[in-house]
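Trainee: I would like a close look at a single part of this protein, taken slowly. Could you walk me through it?

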Amino acid sequence: MPSFFSYKKVNQTMNRSMLLIAPLAIISVCLVLSSGCLQEQGTGKEPVTTGPVFGPQDNGKNVSIPAGTGFTVRLPENPTTGYMWNLTPPQGLAIDKDVFIAPDTKLVGAGGTREWVFSSKEKGLTLVHAEYRRPWVPAGTIVFVPLEGGFFGIAGDDGKNYLSLAISEEFRIDGLRVAFEAEEAPDTATIQMWGTPVNVTFMEAVETYDLHVTLT
C-alpha cells in the first residue's frame, strides 16, 4: 500500500505539471484571441464598396442612381509608370473614399486599382471625369480656331493659349485632351493673332474616363 509520502510526492509532481501547463494554456488563449482580432482588422487592401460599381466598360455611359445611394468607380492604375488617374471633383457629389488598391502579387511594376466612392443626397445631373496622365506634365485641349482660314491651337489648363507651329495630323481633333511640353518661340512671326507661338517638344493624347450620372 502506498505511504503518505508517496501520495505527497505524486501531488507535488502534479502541482509542478499544472504550473507548467497553466502559462501555456494562457498563451494559447491569447494567441487565439489576437488571431481573431487580426482577422477582423484585415490587410487594408480590401476594396471599399457601396452601391453599384462601375469600371472601364462603363466609360461614356449614362447611368441613373437614386439620390442618397452611394456608388463606386474602379479603374486600373499603375503609379510605378508615373501615370495616375486625375479626377475632376464632380459637381453635387461627395468623394467619400479615394484609395489605391495594391495588387496581390509582389511583382515589381504590377498595377493595381484606383477606387472612388461617391455619395449625394440631391437630385440632378453630374459628370465623373478622370484623366490618366502624369500629373507633372502640362495638359490642355486641342481647339480649332476659325481665324485666318482656321488653325489648331492648344488651350492650356493653365489658362494660356499656345499656338503650335506644327501640330501633327493625329492631334488635329477639336476637343482632344493632350499632355504636352513646349518651348516658347518669341522671335517667330505668324499671321495668326492668337496665343503664344511655341515649338512643341512632346505631345500625347490623354486617356479619359467619363461617367454621366443622373441622380433621381
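Trainee: Before we zoom in on the barrel, what percentage of the 216 residues of the chain count as buried?

Mentor: Happy to. This is a predicted model, where local features need pLDDT of at least 70 and side-chain atom pairs count only at pLDDT 80 or more, while totals for chains, interfaces and linings use all residues. Residues are numbered from 1 along each chain as its sequence is written, and side-chain values use heavy atoms, with hydrogens and water left out.

To your question: 29% of the 216 residues count as buried, where buried means under 20% relative accessible area, exposed means over 50%, and partly exposed lies in between (1.4 Å probe, protein chains only). The chain has 13 strands and one helix, and along the sequence the helix precedes the strands. These elements are DSSP runs numbered from the N terminus: helices are H or I with at least four residues, strands are E with at least two.

Now the barrel. Five strands close into it in the order 8-9-10-12-11, with mixed pairing; two strands pair if DSSP finds at least two bridges between them. On average, neighbouring strands of this sheet are turned by 55° against each other, direction ignored. The axes behind such angles are lines fitted to C-alpha atoms, for helices over the stretch in contact, and angles run from 0 to 180 degrees between N-to-C directions.

Strand 11 (residues 177–184) is a good place to follow the pairing. With strand 8 (residues 139–145) it pairs in the antiparallel sense over three bridges, and Ala-179 is the bridge partner of Ala-139. Strand 11 also runs antiparallel to strand 12 (residues 196–205), joined by seven bridges; here Ala-182 has Val-200 as its bridge partner.

Next come the rings. The whole structure holds seven aromatic pairs: rings of Phe, Tyr and Trp (its six-membered ring) pair if their centres lie within 6.5 Å, and planes under 30 degrees apart count as stacked, over 60 as edge-to-face and the rest as tilted. Phe-144 and Phe-152 are edge-to-face because their planes stand at 65°, with the ring centres 5.2 Å apart. Phe-144 is partly exposed at 40% relative accessibility, and Phe-152 is partly exposed at 23%. Tyr-162 and Phe-180 are also an edge-to-face pair, 5.5 Å centre to centre with 65° between the planes. Tyr-162 lies in strand 10 (residues 161–164) and Phe-180 in strand 11, so this pair ties together parts that are 18 residues apart in sequence. Both rings are buried: Tyr-162 at 15% relative accessibility and Phe-180 at 4%.

Finally, the cores. A nonpolar core is a set of buried Ala, Val, Leu, Ile, Met, Phe, Trp, Tyr and Cys residues joined through side-chain atoms within 4.5 Å. The largest has 18 residues, and those with the most contacts inside it are Phe-54, Phe-71, Val-73, Leu-211 and Val-213. Strand 13 gives the most to this core, with four residues. Apart from it lies another core, of ten residues, among them Ile-154, Tyr-162, Ile-167 and Leu-176. Tyr-162 thus brings us back to the barrel, as a residue of strand 10.
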